[in-house]
Amino acid sequence: MATEDDSAVKEPLDLIRLSLDERIYVKLRADRELRGKLHAYDQHLNMILGDVEEVVTSVEIDDETYEEIVRTSKRHMPYLFVRGDGVILVSPPLRTS
Amino acid sequence: MSGGAGGGAVGSAKTPADFLKSIRGRPVVVKLNSGVDYRGILACLDGYMNIAMEQTEEYVNGQLKNKYGDAFIRGNNVLYISTTKRTLGD
């Protein structure tokens, strides 16, 4: 077998490991977002998050004015298991500068 | 039949796996099944098309919506990964 550089190659999941015990931002399907502390994850991106805030976003369009009405609802959970198949994106929290 | 892609200097990639190995470090566009676009520099990716990117910008309907310093995208959401000559402010 030809020696490849693959032993040094980092996988995206390796880089998520760097975020363990850090706060992260997770974008989920169905216009949901989570912010919480990453306690654990696996290759499916199942995750255990602590001290979590979930934001659900919905956009209504007014029939007459075509105005976009953006609504968000939030809830807070001390502990949460997230099933990986709903995950779209994971990132360190967005900083509002 | 001439093979090879037109844009980006990836002429010698023969299989999708070769392409994936050759584009690390390049600016890319990742389009998701949902239609959302992410532009950034590809840090790494794996065979499931899970992606890690840096300096990521999120475009929804062509509009810049968010910026992420680092972003990990779950591969099942990815429609395609494309290299781009990234012009800032495009």
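How much area is buried between chain A and chain B, and what share of it do carbon and sulfur atoms give? Keep that in mind as you load the model, which is a predicted one. The answer is about 1,700 Å², with carbon and sulfur atoms giving 58%.

**Stop 1: the interface from chain A's side**

Colour the two chains separately and select whatever touches across the boundary. You should pick up 23 residues of chain A in contact with 21 residues of chain B. Now show A:Pro12, A:Ile88 and A:Leu89 as sticks. These three lose the most area to chain B within chain A, and together they account for 30% of what that side buries.

Next, colour by secondary structure. Three elements of chain A give two or more residues each to the side that touches chain B: α1 (12-17), β1 (23-28) and β5 (87-91). Of the elements, β5(A) gives the most, with five residues. Switch to colouring by residue class and the chain A side splits into 13 nonpolar, three polar and seven charged residues.

What about salt bridges across the boundary: how many does the rule find between chain A and chain B? Zero. Polar contacts do turn up there, with seven residue pairs found across the interface, both residues of each pair being at pLDDT 80 or more.

**Stop 2: β5 of chain A and its neighbours**

Select residues 87-91 of chain A, which is β5. Is this strand mostly covered or mostly open? It is mostly covered, and five of its five residues are buried.

Look across to chain B and add strand β4(B), residues 63-73, to the selection. β5(A) and β4(B) run antiparallel and are joined by two bridges. To find your bearings, pick A:Val90 and then B:Phe72, its bridge partner in β4(B).

Then turn back into chain A and select β1(A). Which way does it run against β5(A), parallel or antiparallel? Antiparallel, with four bridges joining the two strands. A handy marker here is A:Tyr25, which stands opposite A:Ser91 in β5(A). So β5(A) has bridges to β1(A) and also to β4(B) in the other chain.

**Stop 3: salt bridges within chain A**

The count over all chains comes to six salt bridges. Start with the helix: select A:Asp14 and A:Arg17, whose side chains meet at 3.4 Å, N to O. Both lie in helix α1 of chain A, three residues apart, about one turn of the helix. A:Asp14 counts as partly exposed at 27% relative accessibility, and A:Arg17 is partly exposed too, at 47%.

Now pick A:Arg23 and A:Asp51. Their side chains form a salt bridge at 3.3 Å, N to O. Why does this pair tie together separate parts of the chain? Because A:Arg23 lies in strand β1 of chain A and A:Asp51 in strand β3 (residues 47-61), parts that are 28 residues apart in sequence. As for exposure, A:Arg23 is partly exposed at 39%, and A:Asp51 is partly exposed at 40%.

Move on to A:Glu60 and A:Arg71, where the closest N and O atoms of the salt bridge are 2.3 Å apart. A:Glu60 lies in β3 of chain A and A:Arg71 in β4 (residues 68-82), so this pair ties together parts 11 residues apart in sequence. A:Glu60 is partly exposed, with a relative accessibility of 41%, and the value for A:Arg71 is 41%, again partly exposed.

Before leaving this stop, select A:Arg32, A:Glu54 and A:Arg75 together. Salt bridges that share partners join these residues into one network.

**Stop 4: zoom out on chain A**

Hide the side chains and go back to the cartoon. Chain A has one helix and five strands, and along the sequence they follow the pattern α-β-β-β-β-β. Try colouring by relative accessibility: of the 97 residues in chain A, 33% are buried.

Finish with a contact map if your viewer draws one. Among contacts in chain A with a separation of 6 or more, 47% come from residues 24 or more positions apart.

Conventions. Residues are numbered from 1 along each chain as its sequence is written. Chains are lettered from A and ligands numbered from 1 in the order in which they are written. This is a predicted model: local features need pLDDT of at least 70, side-chain atom pairs count only at pLDDT 80 or more; totals for chains, interfaces and linings use all residues. Side-chain values use heavy atoms; hydrogens and water are left out. Contact means heavy atoms within 4.5 Å. Buried area is the accessible area (1.4 Å probe) that two parts lose on being put together, summed over both. A salt bridge is a side-chain nitrogen of Lys or Arg within 4 Å of a carboxyl oxygen of Asp or Glu. A polar contact is a pair of N or O atoms within 3.5 Å; within protein, one must be able to donate a hydrogen and the other to accept it, and residues adjacent in sequence count only if both atoms are side-chain atoms. Ala, Val, Leu, Ile, Met, Phe, Trp, Tyr, Cys and Pro count as nonpolar, Asp, Glu, Lys and Arg as charged, and the others, Gly among them, as polar. Two strands pair if DSSP finds at least two bridges between them. Buried means under 20% relative accessible area, exposed over 50%, partly exposed in between (1.4 Å probe, protein chains only).
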